[in-house]
Amino acid sequence: MAAPPDNDVLWARALHVTHNGSPALTGVSLGVREGEILAVGGPRGSGKTTLLRCLSGQLTAQEGEVWFDSTPVHTMSPMRRERLRRDRFGWIDPTPVLVPELTAWENAALLLMLRGVSRRRARTTALEWLDRLDVGGCARKRPYALLQAERQRVAIARALAPAPSVIFADEPTAPLHRADRAQVLRTLTAAARSHGITVVLATHDADTAALADRTVSLLDGRRVNTVHLPPITESTEPTRSRETSEPSGPGEPPDPSRPGEPGRPTETEGRAACSLSA
């Protein structure tokens with residue numbers, strides 16, 4: 001068992017995971033540097049969520065090693081892994097999982113209070129993050145009174161509030177409209193860089209991956225150099241009118257056609273539950 005490189009805060013070697021007899025990860029290895037934003041790309045079913053769950057200690061691979069800060073996660077007891085996730089990691093699901101009995105600010109402050117931070121200090125920090133994510137006005141509302149996009153912003157604030165060492169974000173903008181995604185992702189990446197937080201981001205979207213420092217791609221549970229996605233037409237090109245079009249001269253070749261845009265499949269998965277008295 002070899003220790004990871006000194007500059008890698010996360011390191012995985014030869015991970016093998018099967019689900020119901022089908023391979024989910026096959027020999028995946030990677031390293032993540034401290035403070036790096038790493039995008040894990042690939043289509044639905046390629047193993048992105050499984051890889052994040054292994055790196056975060058939620059799932060133990062059948063074969064292979066996972067190290068965090070030079071400590072072997074794969075040999076930890078379940079209790080130690082749970083403590084590691086609570087104290088050092090943050091997690092953002094593709095769909096928000098909030099405690100229904102708590103208000104938005106209490107949900108955002110939940111991990112801080114579980115770590116022993118005073119209620120007043122936790123509330124101040126949670127409200128700051130809710131304001132940054134444009135849902136400060138929803139602080140006293142409970143989840144049932146929030147829109148899906150608002151609930152997801154609260155979940156992102158909950159992950160950021162404790163300033164964890166690593167945030168694992170599994171398609172974090174999936175419930176958001178395209179117009180909202182860029183702003184939320186900019187907040188997430190800017191906060192990570194300013195606080196030195198490492199981010200491992202699973203995404204099928206090229207625009208989201210472009211915000212990362214580096215991208216690794218998965219296909220059928222294996223690391224690959226390039227993932228070729230099927231083309232998809234998101235909009236049709238407007239037809240030119242007779243008044244604005246110019247006739248082609250005799251013998252001129254026709255205009256070349258434009259290539260289509262790669263398709264962007266989606267993926268969802270999530271977990272969580274908890275309660276806290278006010």
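Among contacts in the chain between residues at least 6 apart in sequence, 73% join residues at least 24 apart. The model is a predicted one. Its chain has seven helices and twelve strands, and buried residues account for 45% of the 278 residues.

**The six-stranded sheet**

Six strands make up an open sheet with the order β6-β7-β8-β3-β9-β10, and the pairing in this sheet is mixed. The edge positions belong to β6 (89–92) and β10 (222–224); each has a single partner strand, so one side of each is left without a neighbour in the sheet. From one strand to the next, the twist averages 25 degrees.

Strand β8 pairs with β7 and with β3. Five bridges connect β7 (residues 166–170) to β8 (residues 198–203), and these two strands run parallel. The pairing of β3 with β8 is also in the parallel sense, over five bridges. Residue L201 of β8 takes part in both pairings: L201 is the bridge partner of A169 and the bridge partner of A39. Elsewhere in the β7 pairing, I167 stands opposite V199 of β8.

The strand β8 is mostly covered, with six of its six residues buried. This holds on both faces: T198, V200 and A202 are buried on one side, and V199, L201 and T203 are buried on the other. The residue L201, which is the partner of A39, thus belongs to the same face as V199 and T203.

**Helices on and beside the sheet**

Helix α5 (residues 148–160) packs on this sheet and touches β6 and β7; the direction of α5 makes about 170 degrees with that of β6. Helix α6 (residues 178–195) lies across β3 (37–41), β6, β7 and β8, and runs at about 140 degrees to β3.

Helix α5 also meets another helix. The axes of α3 (residues 104–114) and α5 come within 7 Å and cross at roughly 30 degrees. With angles under 35 degrees counted as roughly parallel, α3 and α5 are therefore roughly parallel to each other. Their crossing is right-handed. On the α3 side the contact is made by A104, N107, A108 and L111, which meet V154, A157 and R158 in α5. Sorted by class, this contact of α3 with α5 has five nonpolar, one polar and one charged residues.

The angles given for these helices are collected below.

| Helix | Partner element | Angle |
|---|---|---|
| α5 (residues 148–160) | β6 | about 170 degrees |
| α6 (residues 178–195) | β3 (37–41) | about 140 degrees |
| α3 (residues 104–114) | α5 | roughly 30 degrees |

**The four-stranded sheet**

A further open sheet is formed by four strands in the order β2-β1-β4-β5, with antiparallel pairing. At the edges stand β2 (22–33) and β5 (71–72); each has a single partner strand, so one side of each is left without a neighbour in the sheet. Strand β1 (residues 8–19) is joined to β2 by nine bridges, and the two run antiparallel. Within this pair of strands, T18 stands opposite P23 in β2.

Notes. Residues numbered from 1 in each chain as written. Predicted model: local features only at pLDDT ≥ 70, side-chain atom pairs only at ≥ 80, totals over all residues. Heavy atoms only, no water. Pairing = 2+ DSSP bridges. Axes fitted to C-alpha atoms, helices over the stretch in contact; angles between N-to-C directions. Contact = heavy atoms within 4.5 Å. Parallel < 35°, antiparallel > 145°, perpendicular 65-115°, else oblique. Left-handed = near helix turned anticlockwise from the far one by under 90°. Nonpolar A, V, L, I, M, F, W, Y, C, P; charged D, E, K, R; others polar. Buried < 20%, exposed > 50% of the residue type's maximum accessible area, 1.4 Å probe, protein only.
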